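Reader: I'm new to reading protein models, and I'd like to go through one with you. Could you show it to me before I start asking things?

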Amino acid sequence: MSVLPLVFTSGWASGINAYAVVLLLGIFGATGLTDDVPESLQRPDVLIAAAVLFLCEAVADKIPYVDSVWDTVHTVIRPVSGAVVGALLAGQSGSLSDLAAGAIGGTTALASHGVKAGTRMAVNTSPEPVSNIVMSTAEDLGVGSIMTFAMFYPEAAAIIAAVLLVLGLLLLFFLVRRIRRFLRRRAQRREEKRLAREAPPPV
C-alpha cells in the first residue's frame, strides 16, 4: 500500500504540532503498531526530545500572544519537520520517492501551519485566555486522534485531514479582515504609547 496517505496526514498534523507527530510516530513504531515508521524516529533520544518539546508547546500554545510568538518561530520548523517526516516515511516503505514525499509533507505542513497561526492571531483579539486553552486542547486532541486513526485507516485519515485543511483555509479567509483590524489597533496603541513617552512633562 502506498504511504502517500500517511505522508499527507502527517504533514497536515506537523503544521499544527510537529513534536506530537514525531512523538506519536516514534511510539507507534517502537510498540510495533506499524512497520511504516523508520527506526530513526523510534530512537529513545528522539522520543525524549520530542516529548520535552511537546510539553513546552503544550504550555506556550495556551498563553495569549505567547502562542503567536511560538507560531512565528515555528514557521520554518513545522514545514521542515513535515518534509523530513514525509521523506523518512517514504524511504521506509519504498512506495514513494523521498523527494516527492518531502514536498507533499512540507507543503501540507506549511498550509496547515498558516491556518493555525492565522486562526490563533484572530483568537488573540479576545483578551481572555479561555479561547486559547480551548483551541490548543482541541488541536492537540485532533492531531493525536487523526494520527492514531491514520495507523489503521490511512486513506480515511488523509481524507479527514484534507477536509479539515480546506475548511481551515476557508475560515482563515474570512478571518483575514479581523486579523488586519487587530494588527491596526495594536500598531495604533504602540504609536500612542510612543507619543506619550515622547510628550514633554506638564508644567
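Author: Sure, and a definition comes first: helices (H or I, at least four residues) and strands (E, at least two) are DSSP runs, numbered from the N terminus. This is a predicted model, where local features need pLDDT of at least 70, side-chain atom pairs count only at pLDDT 80 or more, and totals for chains, interfaces and linings use all residues. Residues are numbered from 1 along each chain as its sequence is written, and side-chain values use heavy atoms, with hydrogens and water left out.

Reader: What pattern does the chain follow along the sequence?

Author: The secondary structure comes to six helices and zero strands. Reading along the sequence, you get α-α-α-α-α-α.

Reader: Which element has the highest mean pLDDT?

Author: pLDDT is the predictor's confidence in each residue, from 0 to 100. For the chain the mean is 88, and 95% of the residues reach 70 or more. Among the elements, the lowest mean, 84, belongs to H6, and the highest, 95, belongs to H1.

Reader: What percentage of the 203 residues is buried?

Author: Let's fix the words: buried means under 20% relative accessible area, exposed over 50%, and partly exposed in between (1.4 Å probe, protein chains only). Of the 203 residues in the chain, the buried ones make up 43%.

Reader: Which helix gives the largest share of the largest nonpolar core?

Author: A nonpolar core is a set of buried Ala, Val, Leu, Ile, Met, Phe, Trp, Tyr and Cys residues joined through side-chain atoms within 4.5 Å. The largest one here has 31 residues, and Val3, Trp12, Leu25, Val143 and Met147 touch the most other members. Helices H1 (4-30), H2 (44-60), H3 (66-93), H4 (98-123), H5 (130-152) and H6 (154-198) each supply at least two residues of this core. The largest share, 12 residues, comes from H1.

Reader: Which residues does Leu25 contact, leaving aside neighbours within four places in sequence?

Author: Contact means heavy atoms within 4.5 Å. With those neighbours left aside, Leu25 is in contact with Val37, Leu41, Val85, Met147 and Met151.

Reader: Is Arg78 buried or exposed?

Author: Arg78 sits in helix H3. Leaving aside neighbours within four places in sequence, Arg78 is in contact with residues including Ser14, Glu57, Trp70, Asp71 and His113. Its relative accessible area is 0%, so Arg78 is buried.

Reader: How far apart in space are Arg78 and Gly15?

Author: Along the sequence, Arg78 and Gly15 are 63 residues apart. Gly15 is also among the contacts of Arg78. From C-alpha to C-alpha, Arg78 and Gly15 are apart in space by 5.2 Å.

Reader: What is the phi of Tyr65?

Author: Tyr65 lies in the loop between H2 and H3, and at 37% relative accessibility it counts as partly exposed. Most residues other than glycine have a negative phi. Tyr65 is not a glycine, yet its phi is positive, at about 75°.

Reader: Which residues does Ala87 touch, not counting those up to four places away in sequence?

Author: Ala87 is in helix H3, and it counts as partly exposed because its relative accessibility is 22%. Not counting residues up to four places away in sequence, Ala87 touches Asp98, Ala101 and Gly102.

Reader: And how far apart in space are Thr137 and Ala58?

Author: Thr137 belongs to helix H5, and with a relative accessible area of 31% it is partly exposed. In sequence, Thr137 and Ala58 are 79 residues apart, while in space their C-alpha to C-alpha distance is 8.3 Å.
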